[in-house]
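Reader: Could you walk me through the places where metals and ligands are held in this one? I'd like to go site by site.

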Amino acid sequence: MKKPILAIGCAVLILSCTENDDNTPRKLEGEKAGGETTVFVKTSQAFGLPATNLSAESLEKHLAGDKAFGALFVASPAQKNGGLGSIFNNNSCNGCHPSDGRASVPENLNGMSGLFLKISIPGTDEHGGPAPVPGFGTQLQHQAIYGYQPEAKMSVSYQEKNYTFSDGSTITLQRPVYAIVSPYIPLPGNVLVSPRIGMPVFGLGLLESIPENAILAHADLDDKDKDGISGKANRVWDFVSGTVKLGRFGWKAGTPSVLVQSAGAYNEDMGLTNYLKPVESSFSQSNNDPSSVLLEVSREELENVTFYSLTLGVPAGRDFDDQEVILGHKIFEQINCSTCHVASFTTGTYDGIPEISNQKIYPYTDMLLHDMGDDLADNRTEFQANGNEWKTRPLWGIGLTALTSGHTSFLHDGRARNLTEAILWHGGEAEKSREEFRKLSTKDREALLRFLESL
Ligand code: HEC
Ligand code: HEC
Ligand SMILES: [Ca+2]
Ligand SMILES: [Ca+2]
Ligand SMILES: [Ca+2]
């Protein structure tokens, strides 16, 4: 009965459409999380669909990239998709970003999965990046083709941590501690280890198009406004342009572009040389295949696979007119989640891809690094990111994780088994927010989770 009356009110006084009497909005803004790229599909394919505004020509390239993203590589000699290894972590992009979403924590740690260890020794390389471990480089390949030895295997143990909410309910968190076992040659004693899991790959062209100054506007290195939250840009080496650029991708924002990320993924994750990374990661190691050829992946394949991640659409927000979701959003702002998980940006121009240019987007990230405390620390630096720092994760699409990926493991090593655990692992600059979360009433806590589920 109420609705028709409201509708009349709206027609008469347009302003009253957007807010209830107590100033709560009737509907949250940002349903079209990816601007005109937004995908309104609530199925297990929600992360894997092309931006809805692609031109016919762009769609063709996107679909070619989709094929490359799913291609299973094998050892040479092969009719097609040869060149895998000699050492590698997995044999396809999709293997680590299943359904364009995030990988689960592997049951068999030493099988092929979406989890690997970044490694280094203290110090930096010639470009200010992590210093390679002699004989192992900066990533541990735990797989090898027939006849070759992987660099090592992994082992994991768990430390437990208990939390009690103010409403009396308790939760036990598990912190994984990874170690390297059975190295193919002796390992130096001072190796730094950073476990990483494959994350969703949609909406990345939009994130790459956010103007640098819009991101830097959120940085507050010396915490001048004294809210306990600083926010720092990573500055990383771009081997495509041969210059230092703003870091945007990877869990520590250690890569400047999807192109750099993809070229590196072919090379390190799969053992496939390409025009940007023509040298095998195993070159000069005894587990290198000396017969491997210079370019195992063509320039076109690399460009297509890059275009694919750049132009995957972002799933739309859901239930944005639900009162519990609206309350959850209010709490998200009140307890300062939104200081790091910045709701919105407007993209600039991306040369050659008008579809992702000039879009108002709602990624819920500031694209900056934050000290997240000792419990999340990997104690391994990556350019400007120190051992405690991680990039604020975009939260768009996060509520669809169970549907798209069949699990709800979050954070850089997948340690959180659900959204509540992900929040409870927040420390450092986010400790205050976490404590406020812990003290919420059951109703407010559930509303906050409901809001995250709606993204
Ligand atoms: C062995 C697993 C693995 C394979 C294979 C793999 N990735 Fe990844 N991918 C990861 C992990 C782990 C990260 C995070 C890396 C980091 O933090 O530095 C990542 C990050 C990314 C990112 C950055 C996403 C973001 O939001 O920051 C992109 C883009 C990406 N991968 C694309 C690809 C493409 C394209 C391929 C195939 C050519 C590929 N990946 C193959 C595991 C993998
Ligand atoms: C100081 C900045 C900061 C604040 C404040 C903050 N976060 Fe985060 N958030 C991060 C960073 C950085 C990560 C990634 C950490 C990692 O992977 O180790 C993250 C990760 C997450 C994740 C997991 C995302 C994923 O892709 O795995 C969720 C969910 C999340 N935050 C929700 C929240 C909520 C809810 C709040 C408020 C209670 C909050 N965050 C407050 C910085 C922040
Ligand atoms: Ca190879
Ligand atoms: Ca290596
Ligand atoms: Ca601040």
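Reader: What spacing do the donors of the calcium ion (ligand 3) follow along the chain?

Author: In this predicted model, the donors of that calcium ion are spaced as G-x1-G-x185-G-x8-E-x15-E along the chain. The pair Gly 85 and Glu 280 links distant parts of the chain, 195 residues apart, with Gly 85 in the loop between α2 (56-70) and β1 (87-88) and Glu 280 in the loop between α6 (258-270) and α7 (299-310).

Reader: Which atoms are the protein donors of the calcium ion (ligand 3)?

Author: Backbone oxygens come from Gly 83 (O), Gly 85 (O) and Gly 271 (O), while Glu 280 (OE) and Glu 296 (OE) are each listed twice, and these donors lie 2.3 to 3.1 Å from the ion.

Reader: And are Gly 85 and Glu 280 buried or exposed?

Author: Both Gly 85 and Glu 280 are buried.

Reader: Moving to the other calcium ion, ligand 5: which residues coordinate it?

Author: Asp 220 (OD), Asp 223 (OD), Asp 225 (OD), Asp 227 (OD) and Ile 229 (O) coordinate the calcium ion (ligand 5), at 2.2 to 2.3 Å. Along the chain, the spacing of these donors reads D-x2-D-x1-D-x1-D-x1-I.

Reader: Why is Asp 227 classed as partly exposed?

Author: Asp 227 has a relative accessible area of 26%, and it is called partly exposed because that class runs between the 20% limit for buried and the 50% limit for exposed.

Reader: Now the iron. What does the protein give to the iron atom of ligand 1?

Author: The iron atom of ligand 1 has a single donor from the protein, His 97 (NE2), which is 2.1 Å away. His 97 itself is found in the loop between α3 (93-96) and β2 (115-124).

Reader: How many residues surround ligand 1, and which are closest?

Author: There are 26 residues around ligand 1, and the closest are Cys 93, Cys 96, His 97, Arg 196 and Gly 250. By class, this shell holds 13 nonpolar, 9 polar and 4 charged residues.

Reader: Which element gives the largest share of that shell around ligand 1?

Author: Helix α6 supplies the largest share, with 6 residues, and α3, β2, β8 (192-197) and α6 are the elements that each supply at least two.

Reader: Where does ligand 1 have polar contacts through its oxygen atoms?

Author: An oxygen atom of ligand 1 lies 2.8 Å from an N or O atom in the side chain of Arg 196, and an oxygen atom of ligand 1 is also 2.8 Å from a polar backbone atom of Trp 251. On the nitrogen side, a nitrogen atom of ligand 1 is 2.9 Å from an N or O atom in the side chain of His 97.

Reader: OK, ligand 2 next. Where does ligand 2 sit?

Author: Ligand 2 occupies the largest cavity. The elements giving two or more residues to its shell are α9 (337-340), β14 (389-391) and α11 (419-424).

Reader: What is the shell around ligand 2 made of by class?

Author: The shell around ligand 2 has 16 nonpolar, 7 polar and 4 charged residues. Of the 27 residues that surround ligand 2, the closest are Cys 337, Cys 340, His 341, His 412 and His 426.

Reader: And which residues lie within polar reach of an oxygen atom of ligand 2?

Author: A polar side-chain atom of His 412 is 2.7 Å from an oxygen atom of ligand 2, a polar backbone atom of Leu 411 is 2.8 Å from an oxygen atom of the ligand, and a polar side-chain atom of Arg 393 is 3.2 Å from an oxygen atom of the ligand.

Conventions: Residues numbered from 1 in each chain as written. Chains lettered and ligands numbered in written order. Predicted model: local features only at pLDDT ≥ 70, side-chain atom pairs only at ≥ 80, totals over all residues. Heavy atoms only, no water. Donors = N, O, S within 2.8 Å, 3.2 Å for Na, K, Ca; no water. Buried < 20%, exposed > 50% of the residue type's maximum accessible area, 1.4 Å probe, protein only. Near = heavy atom within 4 Å. Polar contact = N/O pair within 3.5 Å; in protein donor to acceptor, adjacent residues only side chain to side chain. 1 Å grid on protein atoms, 1.4 Å probe; cavity = no way out; pocket = protein on both sides within 12 Å on 5 of 7 lines; lining within 4 Å. Sits in = over half its atoms within 2 Å of the grid points. Helix = DSSP H or I, 4+ residues; strand = E, 2+ residues; numbered from the N terminus. Nonpolar A, V, L, I, M, F, W, Y, C, P; charged D, E, K, R; others polar.
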